[in-house]
Amino acid sequence: MDATTPPPAAVELIALTKQYGPGSIAVDAINLRIAANSYCCLLGPSGCGKSTTLRMIAGHESTTSGDILLENRNITDLPAAERGTAMMFQSFALFPHLSALDNVAFSLKMKGVAKAERQAKAQDLLERVSLGHLAHRKPGELSGGQQQRVALARALITQPRVLLLDEPLSALDPFLRIQMRAELRQWQKDLGLTFIHVTHSQEEAMALADTMVVMNHGLIEQVGSPHAVYNHPASEFVARFMGGHNVLDTTAGKVAVRNDHIRLAPLGSTGWAATVSDVEYQGTYVLLGLQLDGRTDKDGSVSVMLPEARFVQQSYATGDRVDLSWEPSQAHVLAA
Ligand SMILES: Nc1ncnc2c1ncn2[C@@H]1O[C@H](COP(=O)(O)OP(=O)(O)OP(=O)(O)O)[C@@H](O)[C@H]1O
């Protein structure tokens, strides 16, 4: 491989489009390369087209036009079972009446694999996810975390190259969700597979992804590492969707400034005059809401995050008058 050859892509989407009906384009000619052995999160608000994209890769939804390549094979028109992908669903979608073993063996049964062989393979996979001793239990007799591992084993039994995960953590309580997300990350590394994970949660995507793909209205707004997307949002949409940013209308155009990068000074210093409208204590930090003078639109509201220690040194209360400023290098110009 010479320096100009990009690393091999596990999945490549080329002008991929899905139109459900006249005038309703769910996915609009998107192009994307997902690196092999990486954790990719498709992220965006409800209706942005992320699930449709995942379902097209899985073969659960037809494409309107465009191509899907898996390790350079064109899989666009292949049946789901022949693609080399496997899917893990929201709340794991395990069969409640089947044991963990039979859940894992299910797809081999559908393929006509003999009982002894499929059960041996399923048992082996359950051992790999440390559940061999619970193979006889039904999903209802397993914890949420154990169910996730059964779902993982069930997806892996088809020996996929790419695992597709559709909001796999959204049905879990917040505590378990954080635990399970660490486990998913570890599984992706240990298995050396490519994971493509759909989520509407910025926090989940930032915690998991090597590459985040931020979608809006059927288009890709930005692709990059969590650090790159968070620190250099490409558009106003990404800055607002990721949160933690202020979009400010400056003479240089709209810029995004992180809410922990805004400085406060007494009124009469330099900067933009504003009034504190809200003070929220959050433990390690305090979140201030401010209203810029002479601005009534949504861009006139600014949020500032102060570490708790700074707030203790210099506290603020609703109605306080301040000047806001920021380092020019902390302001990221947004695409119009
Ligand atoms: N089977 C369908 N028939 C018609 N329109 C659909 C169908 N499935 C999705 N859509 C539309 O396509 C667009 C994208 O939907 P999609 O489910 O991909 O979005 P999403 O980002 O995954 O949303 P969510 O997070 O709510 O699942 C939406 O406008 C949706 O209403």
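**Ligand shell, strand pairing and helix packing**

In this predicted model, the ligand is surrounded by Tyr20, Ser24, Ala26, Gly44, Ser46, Gly47, Cys48, Gly49, Lys50, Ser51, Thr52 and His200. Sorted by class, this shell holds eight polar residues, three nonpolar residues and one charged residue. Two elements, strand 2 (24-35) and helix 1 (50-58), each contribute at least two residues to the shell. Helix 1 provides the largest share, with three residues.

Strand 3 is a good place to continue. This strand spans residues 39-43 and is mostly covered, with five of its five residues buried. Its side chains alternate in direction: Tyr39, Cys41 and Leu43 point one way, while Cys40 and Leu42 point the other way. Residues of both sets are buried, so a reader following either direction from strand 3 will find covered positions, as a residue counts as buried when 20 or more other C-beta atoms lie within 10 Å of its own.

The pairing of strand 3 involves two partners, taken here in turn. With strand 8 (residues 194-199), strand 3 forms five bridges in the parallel sense. Within this pairing, Leu43 has Thr199 of strand 8 as its bridge partner. With strand 9 (residues 211-216), strand 3 is joined by four bridges, and these two strands also run parallel. Here Cys40 is matched with Thr211 of strand 9. Leu43 and Cys40, the two residues picked out by these bridges, belong to the opposite-facing sets of strand 3 described above.

A further group of strands makes up an open sheet. Four strands take part, in the order 2-1-4-5, and their pairing is antiparallel. Strand 2 and strand 5 (73-74) form the edges, each pairing on one side only. Strand 2 is thus met again here, having already appeared as a contributor to the ligand shell. At the other edge, strand 5 pairs with strand 4 (residues 65-70) through two bridges in the antiparallel sense. In this pairing, Leu70 stands opposite Arg73 of strand 5.

Helix packing completes the picture. Two packed helices are described by the angle between their axes and the distance between the axes. For helix 4 (residues 144-156) and helix 5 (residues 174-191), the axes come within 10 Å and cross at roughly 30°. Angles under 35 degrees count as roughly parallel, and helix 4 and helix 5 are therefore roughly parallel to each other. Their crossing is right-handed.

Conventions. Residues are numbered from 1 along each chain as its sequence is written. This is a predicted model: local features need pLDDT of at least 70, side-chain atom pairs count only at pLDDT 80 or more; totals for chains, interfaces and linings use all residues. A residue is near a molecule or strand if its C-beta atom, placed from the backbone, lies within 6 Å of it. Ala, Val, Leu, Ile, Met, Phe, Trp, Tyr, Cys and Pro count as nonpolar, Asp, Glu, Lys and Arg as charged, and the others, Gly among them, as polar. A residue is buried if 20 or more other C-beta atoms lie within 10 Å of its own, exposed if 12 or fewer, and partly exposed in between; C-beta atoms are placed from the backbone. Two strands pair if DSSP finds at least two bridges between them. Axes are lines fitted to C-alpha atoms, for helices over the stretch in contact, and angles run from 0 to 180 degrees between N-to-C directions. Angles under 35 degrees count as roughly parallel, over 145 as roughly antiparallel, 65 to 115 as roughly perpendicular and the rest as oblique. A crossing is left-handed if the near helix is turned anticlockwise from the far one by less than a right angle, and right-handed if clockwise.
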